[in-house]
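Work through the exercises below with the sequence and the structure open beside you, and try each task before you read its solution.

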Amino acid sequence: RAARGDEPFFAAPPPPPALLRLEKALAARGQSRAPAETIERFAARLKSASPPLDEPARLLSRYAALRYGGTGDPATLFADMDACAARFSAR
């Protein structure tokens, strides 16, 4: 069908609030995700940080598996992300 001018070429759903809260908590600790950085690349960078941030890296990898592969339980993942964000914010 012909494209209409008011239709975006690709409209992705907004990021889940739990992901935004985790990214905000990480940014407060000096680990901001670059605008064009993929979730997978950000997770890899967190693993190689000094000290390594393994828990948020695993959560981001789980999110990528859910978002792009449909693997995992969203409710459990988002609860885990919120718990991690709370711990990082409390430090």
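**Exercise 1.** Find where Ser-32 is placed in this predicted model, and decide whether Ser-32 counts as buried, partly exposed or exposed.

*Solution.* Begin with the position along the chain: Ser-32 sits in the loop between α1 and α2, the latter covering residues 39-47. Next take the relative accessibility, which is 44% for Ser-32. Because partly exposed covers the range between under 20% for buried and over 50% for exposed, Ser-32 counts as partly exposed. Then list the contacts, leaving aside neighbours within four places in sequence: Ser-32 is in contact with Ala-27, Glu-37, Phe-42 and Arg-45. Finally, compare positions in sequence and in space for Ser-32 and Cys-84, which are 52 residues apart in sequence and 16 Å apart from C-alpha to C-alpha.

**Exercise 2.** Describe how α1 packs against α2, and state what part Glu-23 has in this contact.

*Solution.* Start with the geometry: the axes of α1 and α2 come within 14 Å and cross at roughly 35°, and the crossing is left-handed. The residues that make this contact are Leu-19, Glu-23 and Leu-26 from α1, together with Ile-39, Phe-42 and Leu-46 from α2. Sorted by class, they give 5 nonpolar residues, no polar ones and 1 charged residue. Now turn to Glu-23, which lies in helix α1 and has a relative accessible area of 17%. Since buried means under 20%, Glu-23 is buried. With neighbours within four places in sequence left aside, Glu-23 is in contact with Arg-33, Ile-39 and Phe-42.

**Exercise 3.** Work out how α1 is oriented relative to α3, and which residues bring the two helices into contact.

*Solution.* First read the angle: α1 (residues 17-28) and α3 (residues 54-69) pack at about 150°, with their axes 12 Å apart. Because an angle over 145 degrees counts as roughly antiparallel, α1 is roughly antiparallel to α3. The crossing of α1 and α3 is left-handed. On the α1 side the contact involves Leu-19, Leu-22 and Leu-26, and these meet Pro-56, Leu-59, Leu-60 and Tyr-63 in α3. Divided by class, the residues of this contact are 7 nonpolar, no polar and no charged.

**Exercise 4.** Identify the members of the largest nonpolar core that touch the most other members, and say which element gives the most residues to this core.

*Solution.* The largest nonpolar core has 21 residues, of which Leu-22, Leu-26, Leu-46, Leu-60 and Met-81 touch the most other members. Two or more residues come from each of α1, α2, α3 and α4, the last of these covering 74-90, and α3 gives the most, with 6 residues. To follow one of these members further, take Met-81, which, apart from neighbours within four places in sequence, is in contact with Ala-18, Leu-19, Leu-22, Leu-59 and Tyr-63. As a general point, nonpolar side chains tend to be buried together in soluble globular proteins.

**Exercise 5.** Summarise the chain as a whole, giving its secondary structure, its dimensions and its share of buried residues.

*Solution.* Count the elements: the chain has 4 helices and 0 strands, in the order α-α-α-α along the sequence. Its C-alpha atoms fill a box of roughly 50 × 25 × 20 Å along the principal axes. Of the 91 residues in the chain, 30% are buried. Lastly, among contacts between residues at least 6 apart in sequence, 45% join residues at least 24 apart.

Methods: Residues are numbered from 1 along each chain as its sequence is written. This is a predicted model: local features need pLDDT of at least 70, side-chain atom pairs count only at pLDDT 80 or more; totals for chains, interfaces and linings use all residues. Side-chain values use heavy atoms; hydrogens and water are left out. Axes are lines fitted to C-alpha atoms, for helices over the stretch in contact, and angles run from 0 to 180 degrees between N-to-C directions. Angles under 35 degrees count as roughly parallel, over 145 as roughly antiparallel, 65 to 115 as roughly perpendicular and the rest as oblique. A crossing is left-handed if the near helix is turned anticlockwise from the far one by less than a right angle, and right-handed if clockwise. Contact means heavy atoms within 4.5 Å. Ala, Val, Leu, Ile, Met, Phe, Trp, Tyr, Cys and Pro count as nonpolar, Asp, Glu, Lys and Arg as charged, and the others, Gly among them, as polar. Buried means under 20% relative accessible area, exposed over 50%, partly exposed in between (1.4 Å probe, protein chains only). A nonpolar core is a set of buried Ala, Val, Leu, Ile, Met, Phe, Trp, Tyr and Cys residues joined through side-chain atoms within 4.5 Å.
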